[in-house]
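This report looks at aromatic rings and at the charged groups that sit over them. Please keep the sequence and the structure in view while reading.

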Amino acid sequence: MDHTSHNKIVSFIWSIADDCLRDVFVRGKYRDVILPMFVLRRLDCLLEPTKQAVREEVQFQTDEAGLTELDSTGLQEASGYVFYNTSEWTLKSLLGNPSQLEANMDAYLNGFSDNVKEIIDKLDLRTPVRRMIASNVLFDVIEKYVSGDINLTPNDKRGPDGRIQPGLTNLGMGYVFEELIRKFNEENNEEAGEHFTPRDVIKLMTHLLFDPVKDDLPPVLTVYDPACGSGGMLTEAQNFITDPTGGIQSTADVYLYGKEVNPETFAICKSDMMIKDNDPENIKFGSTLATNDFASMTFDFMLSNPPYGKSWKTDQRHIKDGKDILDPRFQVNLENYDGRVVTCDATPRASDGQLLFLLEMVDKMRKLTHSPQGSRIASVHNGSSLFTGDAGGGESNIRRHLIETDRVEAIIQLPNNLFYNTGITTYIWVVTNNKPAHRKGQADPMLKKL
């Protein structure tokens, strides 16, 4: 699907707001309906072809096997995905009985598997659904989403005008969602940088991560993003590695891991993992800085665009108590003036926590004694990670630790105005703990050219 098709879908979905919601929600609240319903319709499209098989499996388990609690394994096999819906309804069939729409919609939402119910809860979909029911617009909204004028299925189909509508790929799903996010953020004068990293930037990051080691990739590899948003970096990395027509064409098994604090984008990311047959349980909800959910794990590759210029005061009590560091992720070992190695505070100013995310990734690097390839990191930062902080302070200690352990492979300045709603200068930090011997103490010559 090309960008023209993406834009048509975005325009159609955007028009639903003015067509159906203008008298029910203030404009700033349109996204509370538009985005969750977009995700719901996508899941609905994927489950439609196997709906009958799932219903037959439910009947078998309850009537013939006599199960009092449904077996999720059989239902997943019937649906073809790691999620399913056991109700008799699809979004289209809900329109067949308008007088019972409220009860049937409730049964439809309750029929989803627990992993989808978590997404519905994080998107807080039930709240706007109740409001749409009370205002008699839910029927109209569903009717728009199931319209033949847009194709939210992954397969090509013929539209009402007889023309072929390209299927919406999983990558295309990400494009449409992120474009909707951008439009809503611009309407509300919000910073889109928290949600959206331009695909060109992600593409550059994947090249920086994988190209130097593309001939030495392990057969099973892991990729981690501690601020994963809607999952774009993770899935782009996976696509880059395994694309059969790409520059790497690896047959490696790629496992994706991430954490996200925003409930809406977490829900999108988790649904994206389910759709693409990745393990949705590898995506965790909550603050990466407050809790170390992946404490027992290390990763081959990590990439992230953490929030910059954003306070981490709400996480501070989990990280330090006065001058005492509570979480070992955020302290480093450095030599003092008499040559003794001492443990130092590695926490930046409370007004900007971006370097804490970099330390989280450094903490998750594979030790060379356990993995000869080590780990590689690509992380987007603004200029404060390079310049702020006095000598001996947290920011300075972090930079000193990375330089003295020879982990900084490159720092690449990006052009201005790449990110929506901001013109600030940004940089990609490339960090590794496995530089080849001939490059010890210097940046990769190939990366310098970039």
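## Tyrosine 257 and its partner

In this predicted model, tyrosine 257 has a relative accessibility of 12% and therefore counts as buried, since the cut-off for that class is under 20%. Phenylalanine 294, with a relative accessible area of 4%, is buried as well.

A search of the whole structure finds ten aromatic pairs, and one of them joins tyrosine 257 to phenylalanine 294: the ring centres are 5.9 Å apart and the planes stand at 90°, so the pair is edge-to-face. This contact links distant parts of the chain, because tyrosine 257 belongs to strand S4 (residues 253-260), whereas phenylalanine 294 lies in the loop between strand S5 (283-285) and strand S6 (301-304), the two being 37 residues apart.

## A wider aromatic cluster

Phenylalanine 294 also pairs with phenylalanine 299, and here the ring centres are 5.8 Å apart with the planes at 80°, so this pair too is edge-to-face. Both phenylalanine 294 and phenylalanine 299 are buried.

These rings belong to one aromatic cluster, which is formed by Tyr224, Tyr257, Phe294 and Phe299.

## Charges over rings

Aromatic rings in this model also meet charged side chains, as in the case of lysine 122, whose charged end sits over the ring of phenylalanine 285 at 4.6 Å from the ring's centre. Arginine 131 lies over the face of phenylalanine 25, with a distance of 4.8 Å to the ring centre.

Key
Residues are numbered from 1 along each chain as its sequence is written. This is a predicted model: local features need pLDDT of at least 70, side-chain atom pairs count only at pLDDT 80 or more; totals for chains, interfaces and linings use all residues. Side-chain values use heavy atoms; hydrogens and water are left out. Rings of Phe, Tyr and Trp (its six-membered ring) pair if their centres lie within 6.5 Å; planes under 30 degrees apart count as stacked, over 60 as edge-to-face and the rest as tilted. Helices (H or I, at least four residues) and strands (E, at least two) are DSSP runs, numbered from the N terminus. Buried means under 20% relative accessible area, exposed over 50%, partly exposed in between (1.4 Å probe, protein chains only). A charge sits over a ring if NZ of Lys or CZ of Arg is within 6 Å of the ring centre and within 35 degrees of the ring normal.
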